[in-house]
Amino acid sequence: MIIILRPHSTDADVRAVEQRVREAGYEPHTIRGEVRTVVACVGDESQHASLESLVSLPEVDNVLPVQRKYKLISRETHPDAAVVNAGGVAIGGPALQVIAGPCSVESREQILATAAAVRAAGATLLRGGAFKPRTSPYEFQGLGDEALALLAEARAAEGLPIVTEVLREGDVDKVAAAADLLQIGARNMMNYSLLERVAATGKPVLLKRGLAAKVDEWLLAAEYIVKRGNRQVILCERGIRTFETATRNTLDLGAVAVAKRECCLPVVVDPSHAAGRADLVLPLALAAIAAGADGLVVEVHPRPAAALSDAAQQLDFAAFERFMQAIRPFVAAAGRRLSS
Ligand code: PEP
Ligand code: MN
């Protein structure tokens, strides 16, 4: 931390601040200027209380952090990229992984057919919502426990690891038993008690960025999980809310580049929820690959027009097959490869 004193501080002011810094367990190094005095505080911020509260002292003008607040995932402490193992699939390594499947699990036939189709096209993980966070309470809320059983059946049939969302703390154990990768949805990114509860399962976590979350808030949400001893976190950019309504959300690829630079965790992109319409999923995915995404999350449904949630943005099987072919040269150009 760097403490900037008010202009023309006296020796007594400086001593008072240095005293408080020592009391907090840091070593003060004072630099006196003509007008301004600055106190650089040396010490491990993970071992001592933050000095930010010293901003309330009358002698202090500002307190500036030097280290990142997300200490456990920061590139400052972890310069190398982390690789997360989701049910045997490495996310964050040389291969770009594609997570595909319906928005919601709707029936046995639907999820089994989709699992077979996405696997054949080259997806390496199967997604499907069992518990759905719907904006309206009158909309389809998911098949719940029945969907978890169907996802387990689909995994057994096709061998793809399962990604599904956990909405409530009370559901964590049963969802963790069925899923290889636990999704925290955009609406729950700041539900810190849920994050801690999910971390405790030891299962990998797919942490979607909140609709109105800044990048540092997203990274600090990941830090909550890692602080609980679970380093298996994958960040997912899925678009944020802006003034623009031409797309469902605004895909923030700047945030992908920043997150990749700031922290060691893999970052995947969900172009489906960003676009909100099937015809934009491919171009957004191509841009995400160029921006350095470690994977993609794509919604796929046997008959999108009949889907019980997110009908407009889901690709049918033929479109997904074309999608997988179309991304191939872009994946190679980004220096990556597809797993299959
Ligand atoms: C989903 O993945 O179907 C979903 C609800 O995503 P998000 O939390 O990003 O809205
Ligand atoms: Mn959806």
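This report describes the surroundings of ligand 1 and the cysteines of a predicted model.

**Ligand 1 and its shell**

Ligand 1 sits in the second largest pocket, where 13 residues surround the ligand, the closest being Arg127, Lys132, Ala186, Lys208 and Arg238. By residue class, the shell around ligand 1 divides into seven charged, three polar and three nonpolar residues. Oxygen atoms of the ligand take part in polar contacts with the protein, among them those listed here, which involve a backbone atom of Ala186 and side-chain atoms of Arg187 and Lys208.

| Residue | Protein atom | Atom of ligand 1 | Distance |
|---|---|---|---|
| Ala186 | backbone N or O | oxygen | 2.8 Å |
| Arg187 | side-chain N or O | oxygen | 2.9 Å |
| Lys208 | polar side-chain atom | oxygen | 2.9 Å |

Taken on its own, ligand 1 has 300 Å² of accessible area, and the protein covers 97% of that area.

**Cysteines**

A search of the whole structure for disulfides finds zero. Why does Cys236 form no such bond with Cys103? The cysteine sulfur closest to that of Cys236 belongs to Cys103 and lies 13 Å away, and because a disulfide requires two cysteine sulfur atoms within 2.5 Å, this separation is too far for a bond. As for solvent exposure, Cys236 has a relative accessible area of 0% and is therefore buried, while Cys103, at 2% relative accessibility, also counts as buried, since the cut-off for that class is under 20%.

Conventions. Residues are numbered from 1 along each chain as its sequence is written. Chains are lettered from A and ligands numbered from 1 in the order in which they are written. This is a predicted model: local features need pLDDT of at least 70, side-chain atom pairs count only at pLDDT 80 or more; totals for chains, interfaces and linings use all residues. Side-chain values use heavy atoms; hydrogens and water are left out. Buried means under 20% relative accessible area, exposed over 50%, partly exposed in between (1.4 Å probe, protein chains only). A residue is near a molecule or strand if one of its heavy atoms lies within 4 Å of it. A polar contact is a pair of N or O atoms within 3.5 Å; within protein, one must be able to donate a hydrogen and the other to accept it, and residues adjacent in sequence count only if both atoms are side-chain atoms. Accessible areas come from the Shrake-Rupley method with a 1.4 Å probe; for residues, only the protein chains shown count as cover. On a 1 Å grid over the protein atoms alone, a cavity is a set of points where a 1.4 Å probe fits but cannot get out, and a pocket is an open set with protein on both sides within 12 Å along at least five of seven lines; lining residues have an atom within 4 Å of a point. A molecule sits in a cavity or pocket if more than half of its atoms lie within 2 Å of its grid points. Ala, Val, Leu, Ile, Met, Phe, Trp, Tyr, Cys and Pro count as nonpolar, Asp, Glu, Lys and Arg as charged, and the others, Gly among them, as polar.
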